[in-house]
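Q: Please take one part of this model and go through it closely, from its own geometry outward to what surrounds it. I would like a connected account rather than a list.

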Amino acid sequence: MSDKKLIFVTGNAMKLQEVRAILGQSGIDINSKDLDIPELQGSTQEIAREKCRRAADLLQGPCITEDTALCYEALNGLPGPYIKYFLKECGLDGLNKILAGFENKNAWALCTFAYSAGPGTEPILFEGRTDGKIVPARGQGKFGWNPIFEADGTGKTFAEMSEDEKNAISHRFRALEKLKVHLQSL
Ligand SMILES: O=P(O)(O)OP(=O)(O)OP(=O)(O)OC[C@H]1O[C@@H](n2cnc3c(O)ncnc32)[C@H](O)[C@@H]1O
Ligand SMILES: [Mg+2]
């Protein structure tokens with residue numbers, strides 16, 4: 001495995017940057033491919049599995065994909081996997097206002113990596129979760145909903161953290177820890 005480059009199918013340059021930083025010296029080398037893969041409706045697991053299946057079919061080979069959800073406790077986990085569209089249509093301010101009628105601002109960030117060994121195989125999922133709460137935007141807004149997610153126990157939004165600080169506690173880091181173990185066992 002270590003001499004092979006694994007393909008990460010994503011259109012998101014910030015995801016790729018964080019994945020490369022987190023994997024660092026692990027010996028796992030990632031190439032990326034920006035394929036537009038339709039994302040189904042369903043649970044985060046169903047969406048992740050289907051996206052990876054389709055990516056492996058298109059590539060005709062092994063690959064990984066990643067789905068990130070932002071889940072509000074007051075909304076039983078929504079927007080969840082649909083956060084990209086909520087962010088696009090409502091903005092950071094709207095993502096706060098959605099919770100105006102609720103005292104509970106708790107949320108969790110959920111990262112799901114899917115690994116496919118190739119077409120016709122069942123993707124394997126690796127999940128990582130970071131708990132926090134939704135707050136009015138603070139910090140550098142370079143990546144998605146970073147400015148409105150304050151991670152528990154830090155007093156900081158992801159956007160107020162350095163890359164290293166975020167990558168030490170993030171949903172993505174936690175999911176990659178599990179994916180790494182799997183890849184290194186191949
Ligand atoms: O090609 P893919 O990998 O699907 O990339 P995407 O940008 O479409 O990503 P998702 O479908 O997983 O949608 C997740 C949304 O959440 C945003 N996002 C993902 N990870 C994030 C993180 O760690 N911090 C802040 N925002 C994030 C991202 O910009 C999207 O708007
Ligand atoms: Mg996507």
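A: Helices here are DSSP runs of H or I with at least four residues, and strands are runs of E with at least two, each numbered from the N terminus. The model is a predicted one, and the part chosen is helix α2, which covers residues 44-59.

The 16 residues of α2 reach 22 Å from the first C-alpha to the last, close to the 22 Å expected at 1.5 Å a residue. Helix α3 offers a contrast: a straight helix of 15 residues would span 21 Å, but α3 spans only 14 Å between its end C-alpha atoms, and it has a kink of about 105° centred on Cys90.

Within α2, the buried residues are Ile47, Ala48, Arg49, Lys51, Cys52, Ala55 and Ala56, a list that includes Arg49 and Lys51 alongside residues such as Ile47 and Cys52. These buried residues pack against four strands, namely β1 (5-9), β3, β5 and β6 (124-134).

Two of those partners can be followed further. Strand β5, residues 106-116, gives the most to the largest nonpolar core, with eight residues, and that core has 38 residues, of which Leu70, Cys71, Ala107, Phe113, Phe149 and Leu179 touch the most other members. In soluble globular proteins, nonpolar side chains tend to be buried together. Leu70 itself, leaving aside residues up to four places away in sequence, touches Pro79, Ile83, Ala107, Ala109, Trp145 and Phe149. Strand β3 (63-72), for its part, supplies at least two residues of the shell around ligand 1, as does α3 (83-97); this shell holds 17 residues, with Thr10, Asn12, Thr68, Lys84 and Gly144 the closest.

Returning to α2, the residue that follows the helix is Gln60, whose phi is positive, near 55°, although Gln60 is not a glycine. Most residues other than glycine have a negative phi. Gln60 lies in the loop between α2 and β3, and it counts as exposed because it has 9 C-beta neighbours inside 10 Å, where the cut-off for an exposed residue is 12 or fewer. A positive phi also occurs at Asn76, near 50° and again in a residue other than glycine; Asn76 lies in the loop between β3 and β4 and is exposed, with 8 other C-beta atoms within 10 Å.

How values were computed
Residues are numbered from 1 along each chain as its sequence is written. Chains are lettered from A and ligands numbered from 1 in the order in which they are written. This is a predicted model: local features need pLDDT of at least 70, side-chain atom pairs count only at pLDDT 80 or more; totals for chains, interfaces and linings use all residues. A residue is near a molecule or strand if its C-beta atom, placed from the backbone, lies within 6 Å of it. A nonpolar core is a set of buried Ala, Val, Leu, Ile, Met, Phe, Trp, Tyr and Cys residues joined through C-beta atoms within 7 Å. A residue is buried if 20 or more other C-beta atoms lie within 10 Å of its own, exposed if 12 or fewer, and partly exposed in between; C-beta atoms are placed from the backbone. Two residues are in contact if their C-beta atoms, placed from the backbone, lie within 7 Å. The expected span of a helix is 1.5 Å times one less than its number of residues. The bend at a residue is the angle between axes fitted to the seven residues ending there and the seven starting there.
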